Amino acid sequence: MAADWERARRTAGEASRRFGRAAVRAGRATARAARDTGRVTARAARGTGRATARAGRGAADATLGVGRAARRLTHAQGAGRTGLGQLIELTAAHSAGDALVTAALAGTLFKLPVNEARGQVALYLLITMIPFVVVAPFVGPVLDRFRSGRRFVMAGTLFGRGLLCFAMAAAVVPGDVFTIFPAALAVLVLSKAYNVSRAAIMPSVLPADIALVTANARVALFALVSAGVAVPVGAGVSAWLGAEWVLRAATVLFLLQGVLAVRLPRHVDSPDLDELQEGEERPPRWRTMLNVGPVVAESMLANVAIRFHSGFLLFYLLFLVQEKKLPGMPPAAAIGVLALAAGAGGLAGAGVASWARSHSPQVIVLATLALSGAVTVVAAVAFGLWTAVAVALAAAFSQGLGKLALDAIVQREIGEEIRSSTFGVVEAFLQISWVVGGLIGLLLSLFAAGPGGLAAMAAVLAGSLGWLVVRRRARIRARDARARAARAAAPDSPHGPAGHGDPEEESGPEPAAPPSGPDATRREAGPARPRKPPAGTTTAVVRRGEPPTEQRTKPLTNPHG
């Protein structure tokens, strides 16, 4: 018995020793594995850190490279010397700020109207018209009165929007609609006031080698690109962190822009009006549709028709897609394709305008109206998804190119003392026409199928184009008749247009009697204000083959021209 117990004790001891040795070996193996894992983790962390650092340096280098390339583009052809480059950069940042505000408010107060009822969409359209109704009668004359401090007026609009965005950021979280709604409308009003002031100062920063249409196209192109980049960024940040952080970022951006606006060249500020000569009358500050002059009126009416067409198409096609009357794609995909076509058309319009310096802005405006009508006729005859995409592309292209040409005409034809008021009136009429077109598109989407609504719109565009062409031809014939009468009255005058050939082949500023009233503000052959010519002289007539007026005119306030 004792021997059995001894053998059992020795067996248990041996098993215990083996178990201990196995546990020690397992512990050593675990320690080695932990050390190896730690070394691998450390190496991976160091590699990740180095890769992150390299990616950060690459992103910074790419950002700096893009910034340098953009600076070269904005300051090309003397634009950096005259201040046009700085104005382009400021306007691009302004568009990015507006895009951030839109992205922040899209999910809070102003819902995107794709899935909304027609009554709510109509209310949305009327709300968008309020800023333009305010800009036209009030903001334009105020900007004209403070022409000698335009930099500070522009900076004031930017500082004001920064403070309003800060207030909206504080009101978004509790959902204070009574703060967000008035602040959003005030942001829209200040945005339009900035656009009016920016368009009015464009001739003051125009280099000698760039036409007005080209300069406006550069501004619009950079503004569209910056807004296109800012919208998805703002939407992503709004979904991740909340709309209040997007509005706070917009606050900082607008405040920085206000500082940059003050740092614009000093010649942006126009001098006060000269003393009036004896017998002269000060031109009216309040501009209406009846006294903008025939050239501006014709171009504005053409743009009104184009903008009406654009508003009609937006809501007409949108509701056709939602009601599945435009087959071929799911509704969400079809809306995306139409939006992409509209964006591409706007960029194409700005790009074409930058190359159109050798063409008359009046001809460009009429050509865009004709293009819209022709594409709408084709879409009405062969209605389908892709013809709808084509008409959306053409409408956006015509709207962008026609508006840039209209801006160049106003900048050339209207004197500085009332230019802002004129731009206010132009913006108001264009926005009202867009709203009316959208409302008609809403109504027609209830009753008409696709081809019927487009056929009605094609008839409106064709009638508008025909009336404007007839009106333009009548005005040119009357001007040529006055030129012939002036030459017949003074055949031996040394100032006459002798040697200019057939008067039917001549064109240019209207000759004969000096302008009066609202036409006294037109700049026909130079930047100086028109004076009454001495008795017995006539006004020279410019041939159609000569360069456009904006290539011959250099503004007085531009010391670099």
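How far apart do the end C-alpha atoms of residues 428-447 lie, and how much of the span is helix? In this predicted model, those end atoms sit 30 Å apart, and the span is 100% helix and 0% strand. The stretch comes from a UniProt record, an unreviewed entry, which lists residues 428-447 as one of its "transmembrane region" features. Another one on that list is 453-470. Here the end C-alpha atoms are 26 Å apart, and again the make-up is 100% helix and 0% strand. The remaining spans in the entry are 121-143, 163-190, 210-233, 300-321, 333-357 and 363-396.

Zooming out to the whole chain, there are 15 helices and zero strands. The chain runs to 561 residues, and 46% of them count as buried. What about contacts along the sequence? Taking the contacts with a separation of 6 or more, 87% are between residues 24 or more positions apart.

So much for the overview; next come the helix pairs. Two packed helices are described by the angle between their axes and the distance between the axes. Helix 12 (residues 385-413) turns up in two of the pairs described here, with helix 13 and with helix 9. Against helix 13 (residues 419-447), the packing angle is about 155° and the axes are 10 Å apart. Because angles over 145 degrees count as roughly antiparallel, helix 12 and helix 13 are roughly antiparallel to each other. Their crossing is right-handed. On the helix 12 side, the contact is made by Lys-403, Leu-406, Asp-407, Val-410 and Gln-411, while helix 13 brings in Arg-419, Thr-422, Phe-423, Val-426, Glu-427 and Leu-430. Sorted by class, that gives five nonpolar, two polar and four charged residues.

Helix 9 (residues 294-322) also packs on helix 12 at about 155°, with the axes 9 Å apart. That angle makes helix 9 roughly antiparallel to helix 12. The crossing, though, is left-handed. Helix 9 residues in the contact include Val-295, Met-300, Asn-303, Arg-307 and His-309, and those from helix 12 include Ala-388, Ser-398, Gly-402 and Glu-413. By class, the contact has twelve nonpolar, seven polar and four charged residues. A few helix 12 residues crop up in both contacts: Lys-403, Leu-406 and Val-410 touch helix 13 and are also listed in the contact with helix 9.

A third pair is made up of helix 5 (residues 150-172) and helix 8 (residues 243-262), whose axes come within 8 Å and cross at roughly 165°. With that angle, helix 5 and helix 8 are therefore roughly antiparallel to each other. Helix 5 passes helix 8 in a left-handed crossing. The residues of this contact split into 18 nonpolar, four polar and four charged.

Finally, two single residues are worth a look. Ala-104 lies in helix 3 (residues 84-106) and counts as buried because its relative accessibility is 1%. Apart from neighbours within four places in sequence, Ala-104 is in contact with Ala-243, Val-246 and Leu-247. The C-alpha atoms of Ala-104 and Ala-250 are separated by 9.5 Å, although the two residues are 146 residues apart along the chain. Ile-210, by contrast, lies in a loop, between helix 6 (177-201) and helix 7 (212-240). Its relative accessibility is 4%, so Ile-210 counts as buried too. Ser-354 is 144 residues away from Ile-210 along the chain, yet their C-alpha atoms are separated by 9.3 Å.

Methods:
Residues numbered from 1 in each chain as written. Predicted model: local features only at pLDDT ≥ 70, side-chain atom pairs only at ≥ 80, totals over all residues. Heavy atoms only, no water. Axes fitted to C-alpha atoms, helices over the stretch in contact; angles between N-to-C directions. Helix = DSSP H or I, 4+ residues; strand = E, 2+ residues; numbered from the N terminus. Parallel < 35°, antiparallel > 145°, perpendicular 65-115°, else oblique. Left-handed = near helix turned anticlockwise from the far one by under 90°. Contact = heavy atoms within 4.5 Å. Nonpolar A, V, L, I, M, F, W, Y, C, P; charged D, E, K, R; others polar. UniProt positions renumbered as here; feature names shortened; annotations may be inferred. Buried < 20%, exposed > 50% of the residue type's maximum accessible area, 1.4 Å probe, protein only.
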